[in-house]
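User: I'd like to go through this model with you and ask how each label is earned. Could you start with the wording and then move on to the examples?

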Amino acid sequence: MQAHEANNTLLYPVVLRGTQMECGDAEAVIIGGMVLDIHATPSIHVNSGTTTPGKVCYVQGGVARNVAECMSKLGAKPYMISALGFDMAGNLLLEQWKSAGLSTEGILKDKDIETPVVCNIFDVNGEVAAGVASVEALEKYLTPDWILHFKSTLLSAPVVLVDANLSCPSLEASCKMAADTECPVWFEPVSVTKSRRISSIVKYVTFASPNEDELIAMANALSGGDQFHPLIESHYKNNLSSVSLFQMLKPAIWVLLEKGIKVVLVTLGSNGVFLCSKGGPSCFKVPVEKMNWCSFGGQLYRTVMQKCPPNCYSGFSELDRSSRLFVVHFPTVPASVVRLTGAGDCLVGGTLASICAGLDIMQSVSVGIAAAKAAVEVEANVPYAFSLAAITDDAKSVYSGAKVLFHQSML
């Protein structure tokens with residue numbers, strides 16, 4: 001396929017094209033929650049103690065599920081390990097999963113399971129004002145015994161993602177299983193409270209993707225104290241330069257890196273993303289034999305390589321390779337925001353799909369930010385389809401705007 005033809009392509013779940021399940025590529029393994037989200041959005045400002053006119057809808061959700069769906073629509077072939085009940089919520093989630101042609105082999109289904117449900121109430125600006133989560137079934141039924149059934153799947157997997165909805169024993173079982181098969185682990189913190197579960201598995205983790213508050217909680221959990229504190233109000237943060245914002249977060253980031261995490265991806269909302277590692281941008285790349293060379297993954301790889309040549313981003317030539325810390329700030333892309341709930345999950349999903357396609361971490365994060373932009377412009381957590389042209393054009397904009405921040409020493 002020529003480049004101009006590929007750019008007009010819409011990317012759907014990879015398995016909707018029958019030949020792609022036969023090409024034998026490795027599958028990223030995603031372990032965590034499949035959740036039915038109930039979104040309630042008022043049309044006017046809410047008054048307490050009474051109902052308010054607005055819109056209520058059901059949306060397929062769950063951090064791990066959202067990441068996996070996003071990956072599938074960008075050409076990867078995620079293998080989902082989760083748990084669902086035979087109730088209304090479970091049936092809705094399972095039917096959507098099947099209709100997309102995605103594998104249900106790793107999804108435990110049982111009549112005794114109460115499918116996880118989260119009800120989010122938004123304000124008139126699309127921000128979450130309040131929410132109630134009923135996700136206890138994930139800790140009760142997504143057990144180490146169930147997860148260990150799928151150890152052989154990890155033998156060819158380029159990466160395994162675990163979300164912090166898992167219980168600590170299940171997180172440890174997942175990570176030890178990955179270590180036994182030499183599969184890198186991506187830890188998705190989910191929430192401030194659950195992000196602290198990093199403490200028992202940090203030695204196994206290659207990637208982590210906290211937002212600012214989750215980063216602080218993880219650093220405190222790993223340092224065994226309460227020395228790090230949440231940052232200042234967002235309206236003030238938006239006036240800070242990326243360098244100033246990083247300086248405030250640097251001590252907490254360094255705790256995670258010193259504990260062995262290879263790549264820390266700090267998501268900053270409208271302020272972009274910090275990619276942090278020891279050394280340089282070549283700290284991780286999928287082995288050739290584990291890359292996804294199916295049609296869509298190949299299209300994404302070829303188009304991004306053309307628009308975002310490796311190492312050709314602002315500031316790369318200035319990188320001091322003797323620096324102990326390598327940090328890049330990636331900007332966001334302007335978007336017409338409808339809803340913000342799926343942005344972080346699509347950022348991770350887009351990054352992982354790109355890594356599985358063979359792109360380097362710099363290119364992959366750029367694609368992830370482009371996928372997040374597409375997510376905030378729709379009602380659902382994950383867009384129905386991605387435009388290859390739009391994703392790669394936005395990725396090019398992000399990639400060319402990335403700035404390297406580097407430091408000679410750490411306190």
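Analyst: Happy to! A residue is called buried when its relative accessible area is under 20%, exposed when it is over 50%, and partly exposed in between, using a 1.4 Å probe and protein chains only. The model is a predicted one, in which local features need pLDDT of at least 70, side-chain atom pairs count only at pLDDT 80 or more, and totals for chains, interfaces and linings use all residues. Residues are numbered from 1 along each chain as its sequence is written, and side-chain values use heavy atoms, leaving out hydrogens and water.

User: Why is T153 called buried?

Analyst: T153 has a relative accessibility of 16%. The cut-off for buried is under 20%, so T153 qualifies.

User: Where is T153, and which residues is it in contact with beyond its neighbours within four places in sequence?

Analyst: T153 sits in the loop between α5 (144–148) and β9. Helices here are DSSP runs of H or I with at least four residues, strands are runs of E with at least two, and both are numbered from the N terminus. Setting aside neighbours within four places in sequence, T153 is in contact with E27, V29 and Y79; contact means heavy atoms within 4.5 Å.

User: Is K176 buried, exposed or partly exposed, and how do you know?

Analyst: K176 has a relative accessible area of 42%. That value falls between the 20% and 50% limits, so K176 is partly exposed. K176 belongs to helix α6, and its C-alpha atom is 9.9 Å from that of L148, although the two are 28 residues apart along the chain.

User: And what makes G269 exposed?

Analyst: Its relative accessible area is 53%, and exposed means over 50%, so G269 passes the limit. G269 is in the loop between β12 (263–267) and β13 (273–277). Its C-alpha lies 8.7 Å from that of A343, with their positions 74 residues apart in sequence.

User: What makes helix α2 mostly covered?

Analyst: Eleven of the eleven residues of α2 (residues 63–73) are buried. Among them are V63, R65, E69, C70 and K73. Just after α2, G75 takes a positive phi of about 105 degrees.

User: How do you know that both faces of strand β9 are covered?

Analyst: In β9 (residues 160–163), V160 and V162 on one side are buried, and L161 and D163 on the other are buried as well.

User: What makes β9 a partner of β2, and of β10?

Analyst: Two strands pair if DSSP finds at least two bridges between them. Strand β2 (residues 29–31) and β9 have three bridges, in the parallel sense, so the criterion is met. I31 has V162 as its bridge partner in β9. Between β9 and β10 (residues 185–188) there are four bridges, and these strands run parallel; L161 is bridged to W186 of β10.

User: Why is the unit of β9, α6 and β10 called right-handed?

Analyst: A crossover is right-handed if, with the strands pointing away from the viewer, the path from the first strand over the helix to the second runs clockwise. β9, helix α6 (residues 168–180) and β10 form a β-α-β unit of this hand.

User: Which strands are at the edges of the β4-β3-β7-β8 sheet, and what makes them so?

Analyst: This is an open sheet of four strands with mixed pairing. Its edge strands are β4 (54–61) and β8 (128–134), each of which pairs on one side only. For β8, the pairing with β7 (residues 117–122) is antiparallel, over six bridges, and includes I121 with A130.

User: Where should I be careful, and how do you know?

Analyst: Look at pLDDT, the predictor's confidence in each residue, from 0 to 100. The protein chain averages 85, and 83% of the residues score at least 70. Confidence is lowest in helix α1 (residues 3–6), with a mean of 41, and highest in β10, at 98. Residues 13–25 stay under 50, and so do residues 313–322. Where pLDDT is low, the predicted coordinates should not be read in detail.
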